[in-house]
Amino acid sequence: MITFDAVTKRYADGTVAVDNLSLEAPTGEITVFVGPSGCGKTTSLRMINRMIDATEGRILLDGDPVQDIDPPKLRRGIGYVIQQAGLFPHKKIVDNVATVPLLLGWDRGKARSRAMELLERVGLDPAMGERYPFQLSGGQQQRVGVARALAADPPVLLMDEPFSAVDPIVRTSLQDELLRLQAELNKTIVFVTHDIDEAIKLGDRVAVLRVGGRLAQLADPKTLLSEPADDFVREFLGHDRGIRRLQFVGTDGLRLRTDLTVPAGFSGGSPEPWVLAVSDDGRPVGWLRGDGGGEPEPYGTFRPGRDSMRSALDAALLSPSGCAVAVGEDGKVVGVATREVLDAALAEAADG
Amino acid sequence: MGEPLLARLIADGPPSLWEWFARNWDTGRAGSVKDLLGDHLVMSLVPIVAGLVLALPLGLASARWRWLYQPTAGVFNVVYALPSLPVFMLLISVTGLSKTTVIIPLTFYAIAVLLPAVVDGLGSVPDHVRQSAVAMGFTPLRRLVQVELPIAVPVVLAGLRVVAVSSISLVSVGALIGQGGLGMLFTRAYQNPFLPPVIVGIVLIVALALVADGLLVLAQRLLTPWVRARRAS
């Protein structure tokens, strides 16, 4: 657990970057610091590994004040990932990843094989180990950055806007990858971002900071969306707060209809306005008019129980029928959530 | 030197050039071409190495304490600007007509080129790379040796190539005080207008410079494979 105990950072010119911050980042959870630029989120992060020292107050790492630990020793026990990955351009990928184990005095062979193992773990081909950073894409470099931070298996991971310099598609896959890794590793992660969507997606707890380094609200994402503490937090969350809250509403209770599917060769004769054509192996093909006219129209899918109401609603909005196709893990159709069912579920979510 | 140089060269022809070289390469007496080549190597290599050894700590200090940089670089630039002949004259009173009298100013010239190269090389380390080295727990010394200096190598080596070639060429000026290595072959031509030694001197100096430059390029390839990797990508 990381504890901020009335921490203030004041610079020589009088600027206050962090103002009397007290919070806890629990063990095994992702705590996100989010806020506009100038809110002191990066400064707060860097005070944990003493890249910046606090002016007042204490930061405790499992109860021990970090001020009492020699900085290089402290830092070798804390993984760190930054925006441009910060890879060493003159070292091969495998040696980049092996950096901290080597600093800790592991022998070379052991450090390298650990590095190879981690490359695989973050979804990279171990053959990439022999390349130099400039030969990798931004997304790949960032994965290497994560692998490097994890190399010595530190219990704590600090991440400073690690995914903000890559394009949105890569960012999404890196975020998913982080959540997958965290499910396996259970690190204590402090994650800094200016992107509220990223904060809500990744955070077990989200600390919203305001300019001047004051804590505006500390809550889990669902509470943050439904009960913002004040106007600043409400404004920072943005306009589609209601839609985003659906991310935390489950889909396991949805009643699915199974009588709306037809074989791919369907030629009309259904009383329903829209029916879902399904291939021989059970996968969705497209929506067809009940009278059999026209080509299959686009459809959207969600996995009941796994995906949120936001995904289900999104799937429904993608198809002309207004219905969302429920599929299993194998991609086969298990049923259809109709407009009426979704409507009822939304009404319930709005009440709750 | 009554006749035009080119006419003389044509009249003497390459065979006499080679003949002269073969006869004078190793005469067993002082002043053989072999001896001059050896002297030339010593007087050019010592300043290159000494210049690098001195420019490194100066550059590191200048990168660490920025206020130090401009005055230090200024001093060496002024020395660089001084014509070498009066500098030799001045030094003769201290070090006499020795190789040291040539080596000292050439070392200063080397520092004048290498000091900015070291500072710029260290400046070429991206900030996020330095930050991540700090965050991973490098001690300052280890960070310098394992991260910052290796990344500075391409810029420093580029400076070193200039220094190597200019040192090898500048040594010949020392002939004016009787310590010019292969440059001695040029001054002899004043007393005895005879071309082959001049040509041999020029060819050997240029060859030396090319070999030195080639070795440095080779060193660069071996030391910084990642620079080629970057260009290829």
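Strands E4 and E5 of chain A make a hairpin with two residues between them. In the turn of this predicted model, A:Asp62 has a positive phi of about 50°. From here the briefing follows the strands around that hairpin, then turns to a second sheet in chain A and to a helix pair in chain B.

**The hairpin and its neighbour strand (chain A)**

- E4(A) covers residues 56-61, and E5(A) covers residues 64-65.
- Two bridges hold E4(A) and E5(A) together, and the two strands run antiparallel.
- A:Leu61 of the hairpin stands opposite A:Asp64 in E5(A).
- A:Leu61 is also the bridge partner of A:Ile2, so to speak a handy residue to find on screen if you want to trace both pairings.
- Strand E1(A), residues 2-10, joins E4(A) through five bridges, with the two running antiparallel.

**The annotated span (chain A)**

- UniProt, in an unreviewed entry, lists residues 2-237 of chain A as "domain: ABC transporter".
- Helix makes up 38% of residues 2-237 of chain A and strand 25%.
- The C-alpha atoms at the two ends of that span are 26 Å apart.

**The three-stranded sheet (chain A)**

- Strands E11, E12 and E13 of chain A form an open sheet in that order, with mixed pairing.
- Which strands stand at the edges? They are E11(A), residues 261-263, and E13(A), residues 284-289; each has a single partner strand, so one side of each is left without a neighbour in the sheet.
- From one strand to the next, the twist averages 40°.
- E11(A) and E12(A), the latter spanning residues 274-278, run parallel and are joined by three bridges.
- Within E12(A), A:Val278 is the residue that stands opposite A:Pro263.

**A helix pair (chain B)**

- Helix H6(B), residues 127-135, packs with helix H7(B), residues 140-170, at an angle of about 165°, and their axes are 11 Å apart.
- How are these two helices oriented to each other? Angles over 145 degrees count as roughly antiparallel, and H6(B) and H7(B) are therefore roughly antiparallel.
- Their crossing is right-handed.
- On the H6(B) side, the contact is made by B:Val129, B:Arg130, B:Ala133 and B:Val134.
- On the H7(B) side, B:Arg143, B:Val147, B:Glu148 and B:Ile151 take part.
- Sorted by class, the contact of H6(B) with H7(B) has five nonpolar and three charged residues, with no polar ones.

Terms used: Residues are numbered from 1 along each chain as its sequence is written. Chains are lettered from A and ligands numbered from 1 in the order in which they are written. This is a predicted model: local features need pLDDT of at least 70, side-chain atom pairs count only at pLDDT 80 or more; totals for chains, interfaces and linings use all residues. Side-chain values use heavy atoms; hydrogens and water are left out. Two strands pair if DSSP finds at least two bridges between them. Helices (H or I, at least four residues) and strands (E, at least two) are DSSP runs, numbered from the N terminus. Axes are lines fitted to C-alpha atoms, for helices over the stretch in contact, and angles run from 0 to 180 degrees between N-to-C directions. Angles under 35 degrees count as roughly parallel, over 145 as roughly antiparallel, 65 to 115 as roughly perpendicular and the rest as oblique. A crossing is left-handed if the near helix is turned anticlockwise from the far one by less than a right angle, and right-handed if clockwise. Contact means heavy atoms within 4.5 Å. Ala, Val, Leu, Ile, Met, Phe, Trp, Tyr, Cys and Pro count as nonpolar, Asp, Glu, Lys and Arg as charged, and the others, Gly among them, as polar. UniProt positions are given in the numbering used here, feature names are shortened, and annotations may be inferred rather than shown by experiment.
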